[in-house]
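Trainee: Could we go through this model together, one question at a time?
Mentor: Happy to; let's bring it up and begin.

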Amino acid sequence: MKPFKTLIVEDNKDTLEELLEYIKYDKPTLEVSCIAENCSEALDALIEGTFEISILDIELPDGRCFDILSKVPRHKFGEIVFFTKYGGKYITQLIDAKPI
């Protein structure tokens, strides 16, 4: 099986390291092809390429991932997984965004 081309958008280095370790050992079907630390980097990555899975932190230094969602065609993200420590704070926006 071909690995899924994956984008990770996460600004916290410790969280990113944990996520990468998890993927390495528990989700070898994911190929992390791009890591972005903020909305600007994520936007650039999505303009240049298309991903099969996007793992998005919600709160980023230069905005929220919802800002990116409104600027890029939905198909560029592939399946979306939101990754945040803020949980319930964004429940309405998470439902509206229709993640997997």
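Trainee: Which residues are exposed on the other side of α1, away from its buried ones?
Mentor: First, the ground rules: this is a predicted model in which local features need pLDDT of at least 70 and side-chain atom pairs count only at pLDDT 80 or more, while totals for chains, interfaces and linings use all residues. Residues are numbered from 1 along each chain as its sequence is written, and side-chain values use heavy atoms, with hydrogens and water left out. Helices (H or I, at least four residues) and strands (E, at least two) are DSSP runs numbered from the N terminus, and exposed means over 50% relative accessible area, buried under 20%, partly exposed in between (1.4 Å probe, protein chains only). On that side of α1, the exposed residues are Asp14, Glu17, Glu18, Lys24 and Tyr25.

Trainee: And which residues of α1 are buried?
Mentor: Seen down the axis of α1, the buried residues fall within an arc of 65 degrees, so they line one face of the helix. The arc is that of the directions from the helix axis to the C-beta atoms. Their cover includes β1 (4–9), β2 (30–36), β3 (53–57) and β6 (79–83). The buried residues are Leu16, Leu19 and Ile23.

Trainee: How far apart are the end C-alpha atoms of α1?
Mentor: The expected span of a helix is 1.5 Å times one less than its number of residues. Helix α1 has 14 residues (13–26), so 20 Å is expected, and the distance in the model agrees: 20 Å.

Trainee: Which side chains of β6 point to one face and are buried?
Mentor: In a regular strand the side chains alternate between the two faces of the sheet. Along β6, Glu79, Val81 and Phe83 point to the other face and are not buried. The buried ones are Ile80 and Phe82.

Trainee: Which element gives the most residues to the largest nonpolar core?
Mentor: A nonpolar core is a set of buried Ala, Val, Leu, Ile, Met, Phe, Trp, Tyr and Cys residues joined through side-chain atoms within 4.5 Å. Of the 18 residues in the largest one, Val9, Leu46, Leu56, Ile68, Phe77 and Phe82 touch the most other members. The elements giving two or more residues are β1, α2 (39–48), α3 (65–69) and β6. With four residues, the one that gives the most is α2.

Trainee: How many residues are in the other core, which lies apart from it?
Mentor: Its members include Ile8, as well as Leu16, Leu19 and Ile23. The number of residues in this core is seven.

Technical notes:
Contact = heavy atoms within 4.5 Å.
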